[in-house]
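Student: Could you take me on a close look at the largest nonpolar core of this protein? I'd like to know which residues touch the most other members.

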Amino acid sequence: MKVLDIAILNTTAGGEEPIPLVAATDLSSFGYFQRQGVKEMLTFFSKTFTKRTQSGQRQSITHESYVVHCYVRSDGLAGAVTTDLEYPSRVAFVLLTQVLDEFTNAHGTVWRDATEPYSMMFEPLEGYLVKYQDPAAADKVTKIQKDLDDTTQILHKTIDSVLERGVKLDNLVERSDDLSRQSKMFYKQAKKTNACCVIS
């Protein structure tokens, strides 16, 4: 799971292209000579998909192996997060909401007057890019879900290992010369009785 780009845009330009105010990118997974082209494509996707997102709406657009999550607030401030396909969309929208709220707290409505691309500064954006690389660490609900999944997986492994041990125990009982025929019959009958209670 990876976040490639977070962009904040101004969509109040009256039907024109949205203006990217500030962006943070992580292009470390691309070759040095590919990075400029990828960055230009990310900017293009952010602008294009944000323009096609209605005010107050959130949407996720999949393109090849990436997803662009867009959110345009009712005041015209917009955000776009580009991630890989595995990244949870719920976490991406939590990220967008937090980034846009913090940006508004830092700049007020000054962003409405911005007409030049990348003309604003917002240092916390790089921190968000780093923090949200691991969605489970950044988002509490996702972390709880991951912990539940891990616990379920451990529980299934435990049940599987108990069942494996049960099969081995059957073989030992059959081969044992130390147990009387009556003890073996008791073991088999107890196993049949308990078989009705097996959880799968």
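Tutor: Sure, let's go inside. The largest nonpolar core has 26 residues, and Ile6, Ile8, Leu21, Phe103 and Leu125 touch the most other members. By nonpolar core I mean a set of buried Ala, Val, Leu, Ile, Met, Phe, Trp, Tyr and Cys residues joined through side-chain atoms within 4.5 Å; buried is under 20% relative accessible area, with a 1.4 Å probe and protein chains only. Two or more residues each come from β1 (3-10), β2 (19-25), β5 (77-84), α2 (89-107) and α3 (124-131). Of these, α2 gives the most, with 8 residues. (Helices, H or I, are DSSP runs of at least four residues and strands, E, of at least two, numbered from the N terminus.)

Keep in mind that this is a predicted model: local features need pLDDT of at least 70, side-chain atom pairs count only at pLDDT 80 or more, and totals for chains, interfaces and linings use all residues. Residues are numbered from 1 along each chain as its sequence is written, and side-chain values use heavy atoms, without hydrogens and water.

Now zoom in on Ile8. Skipping neighbours within four places in sequence, Ile8 is in contact (heavy atoms within 4.5 Å) with residues including Leu21, Leu77, Val99, Phe103 and Leu125. Another core, of 10 residues, lies apart from the largest one; Phe49, Val72, Ala78 and Ala80 are among its members.

Zooming out, 35% of the protein's 200 residues count as buried. The whole protein has 6 helices and 5 strands, in the order β-β-α-β-β-β-α-α-α-α-α from the N terminus.

Conventions. Buried < 20%, exposed > 50% of the residue type's maximum accessible area, 1.4 Å probe, protein only.
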